[in-house]
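User: I would like to learn how to read a model of a complex, going from single helices to whole chains. Could you take me through one, giving the general idea before each case?

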Amino acid sequence: MVTSINIGHLQIGSDVTRFITSRIVRTVLTVFAVLSLAFVLARLAGDPVRLMLPQEATQADVDAMRATLGLDRPLWEQYATFLAAAARGDLGDSIRQGAPAVDLVIERLPATLELAVVSFAIGLALAIAIAVAGELSRSQRVRNAMLWIATTRQAIPPYLFGILMILVFSVWLGVLPAMGRTSYASYVLPVLTIATFEVALYLRLLNQEFAQSREQDFVRTALAKGASRARVVIRHQLPNALLPLITVAGINLGVLVGGLVVLETVFNWPGLGRLIVQGVEQRDYPIVQAGVVVIAVVFVLINLIVDMLYAVLDPRVRIAR
Amino acid sequence: MTAIAMPRGAAARAREMGSALRRSAPSTHVALAFLTIVLVLAVVVPVLPGIDPYGQDLGASMRAPFSDGAHLLGTDQLGRDVLSRLALATRMSLLIAVGAVAVSAVIGLLVGLVAGYRGGRLDAFLMAVGDVQLAIPVVLLLIVMVAALGSSPMLLIVLLGLTNWVAYGRVVRAMVMSLREREFVTAAVSAGASATWVVRHHLLRNVLPQVMILSAFQIGVVITIESSLSFIGLGIQPPTPSLGLMINEGQRHLQTDPSLTILPALAVFLLIAGTQFLSQGLERTRAR
């Protein structure tokens, strides 16, 4: 699905180079699109000057402020200035805190990335373990039950699942902390929330892949040669299911990031999502803008790396494109 | 004659529907049960007498469900009737989701038809636009948009529609590309049929069922996003009730009255699960 972009006229070197070049072009285009959108939206959001100045400011104060911010310049010039500043890593100052918005955002980035990476890894491992167990059970009923549970889990948005976890484990049972990032125990609920959401997403795919390979010659041959079921599933069927899994994981990373941004509010997690939502509440648009741009850039770079991994792992990408 | 024929026709139709239902996948049955509850809540409850989502009564705040005859599902922190608010919020979520899905289905259908049928550079361009759009997490995109532009229900429908068309575009394009090569299309083309004729008589008819299945699924996706936005204060603005905001307000009273959270949570779950099971059931019935 992801491999369908066609920048066919770029005939550079081998197919792998061409594939990777097209991905880099797309990455640059995407970052450019995000920045342009942020610029347009910032202009549509209304005049920031009135928000920045005290109520009793005179028209002269407003004009002076507009001149300092370059808002009296023609639009294309503002756009060029904005892009140039963004290239230097400057996305304006926070209206409420005065500090450069990007600095405030970078400060919060580790907490978010940490949560994302840990949940992603645990979710992926859980999905694989459960799918392998289902395949080894050799029971369609067990597999169907797993799929029903997965679909049910998928119908609960992460923020909602997080609240229900707090209700059960913090309010009713009182065994786990509900808020903040103070101890290892405070990781359990948010990680569990994201990880189970992922399991739900990938279980269906892994099941389909296993069902397809179950009937194929390489599986039958391996079984005929006396390999154990476990060995066949883990050494033969699983590797074949990993490539589609990477593709779908790459596509769903966006859903995961979106869920995470909202989830941080539920657990009062001191990450980027919490910062963005606070920015919205305090009408601090530069913070919202910088937060979204930084997450989008990190996200796009991760996708680029996944694509490159894909090109290295899958020989068909080298030949087909 | 007609007086006799009519009930017979109706009975036959009812039998037909009954047998269609028996043949359908189990997920369809679950979906229908869930969606019936949701539809009663969204369509029937708001027109019942005594439904008032805005009236505050601080003397009767935080009543538990089923404890007060006047407020079947209890009252919130301002003494507003929870059932009334739940019904209106569910209706609003459903309206926004259906509207947004309609917008994205139309955009995706047009893009997919043009890209798949024309091919070439236009196709490459449209798909590249889709790729770029998919490369940015939708929730983030919506957060900056709504923070800048505001969030009236109409605007939410448009923004949610604009950010969710790519799935349709890709599915329709892939189907059109394979249909284009089939005999009934090449025959029509060689007989002199225009592109619009082929699209209207052959392509649309074959693509629409899949678009419907995808739409059922997308309603769940859009409700997930919309309720998340409302939850962080970026969706429907108070005092208009919305499920996300009710959950946000309920979370503050999780210790004392969890029903304020659980009831809207249940509505969100029934909406999303209902549409997703429906989409799965339709897919399976179609595959048979």
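**Reading the helices, the core and the interface**

Analyst: Let us begin with burial along a helix, in a model that is predicted. In α7(B), the buried residues are Val166(B), Tyr168(B), Gly169(B), Arg170(B), Val172(B), Arg173(B) and Val176(B).

User: Which elements cover the buried residues of α7(B)?

Analyst: The general idea is to ask which elements are in contact with the buried positions. For α7(B) the cover includes α3, α4 (120-134) and α9 of chain B.

User: How should I read the length of a helix, and what is the reach of α7(B) from its first C-alpha to its last?

Analyst: One compares the end-to-end distance with the span expected at 1.5 Å a residue. Helix α7 of chain B, residues 166-179, has 14 residues and reaches 20 Å, close to the 20 Å expected. For α7(A), with 15 residues, the expected span is 21 Å and the end C-alpha atoms lie 20 Å apart, so the two values agree.

User: Where is the kink in α7(A) centred?

Analyst: A length check and a bend are separate readings, and it is worth making both. The kink in α7(A) is about 25° and is centred on Ile166(A), a residue that is also one of the buried ones in this helix. The others that are buried there are Pro158(A), Tyr159(A), Leu160(A), Phe161(A), Gly162(A), Ile163(A) and Met165(A). After the helix comes Gly174(A), whose phi is positive, near 65°.

User: What covers the buried residues of α7(A)?

Analyst: Here the cover comes from both chains: it includes α8 (185-214) and α10 of chain A, together with α9 (195-231), α10 (243-251) and α11 (259-287) of chain B.

User: That leads to the interface. How many residues of each chain are in contact?

Analyst: The general idea is to count the residues on each side, and then to ask where they sit and of what class they are. In this complex, 45 residues of chain A are in contact with 39 residues of chain B. On the side of chain A, the helices α1 (15-44), α6 (140-154), α7 (158-172), α10 (229-267), α11 (272-281) and α12 (285-313) each supply at least two residues. By class, that side of chain A has 32 nonpolar, eleven polar and two charged residues. For the complex, the predictor gives an ipTM of 0.85 and a pTM of 0.85.

User: And how do I read a nonpolar core; which residues have the most contacts inside the largest one?

Analyst: In soluble globular proteins, nonpolar side chains tend to be buried together. The largest nonpolar core in this model has 144 residues, and those with the most contacts inside it are Leu140(B), Leu142(B), Ile143(B) and Val144(B). Helix α3 of chain B, residues 82-118, provides the largest share of this core, 18 residues. Leaving aside residues up to four places away in sequence, Leu142(B) touches Leu159(B), Thr163(B), Ile225(B) and Leu229(B).

User: How many helices and strands does each chain have?

Analyst: Chain B has eleven helices and zero strands, whereas chain A has 13 helices and zero strands. Buried residues make up 46% of the 288 residues in chain B and 34% of the 321 residues in chain A.

User: Where does pLDDT stay under 50 in chain B?

Analyst: An average should be read together with its local exceptions. Chain B averages a pLDDT of 86, with 97% of its residues scoring at least 70, but over residues 1-5 of chain B the pLDDT stays under 50, and the model has zero contacts for them beyond four places in sequence.

Conventions
Residues numbered from 1 in each chain as written. Chains lettered and ligands numbered in written order. Predicted model: local features only at pLDDT ≥ 70, side-chain atom pairs only at ≥ 80, totals over all residues. Helix = DSSP H or I, 4+ residues; strand = E, 2+ residues; numbered from the N terminus. Buried ≥ 20, exposed ≤ 12 C-beta atoms within 10 Å, placed from the backbone. pLDDT = per-residue confidence, 0-100. Contact = placed C-beta atoms within 7 Å. Core = buried A, V, L, I, M, F, W, Y, C linked by C-beta atoms within 7 Å. Nonpolar A, V, L, I, M, F, W, Y, C, P; charged D, E, K, R; others polar. Expected span 1.5 Å × (residues − 1). Bend = angle between axes of the 7 residues up to and from the residue.
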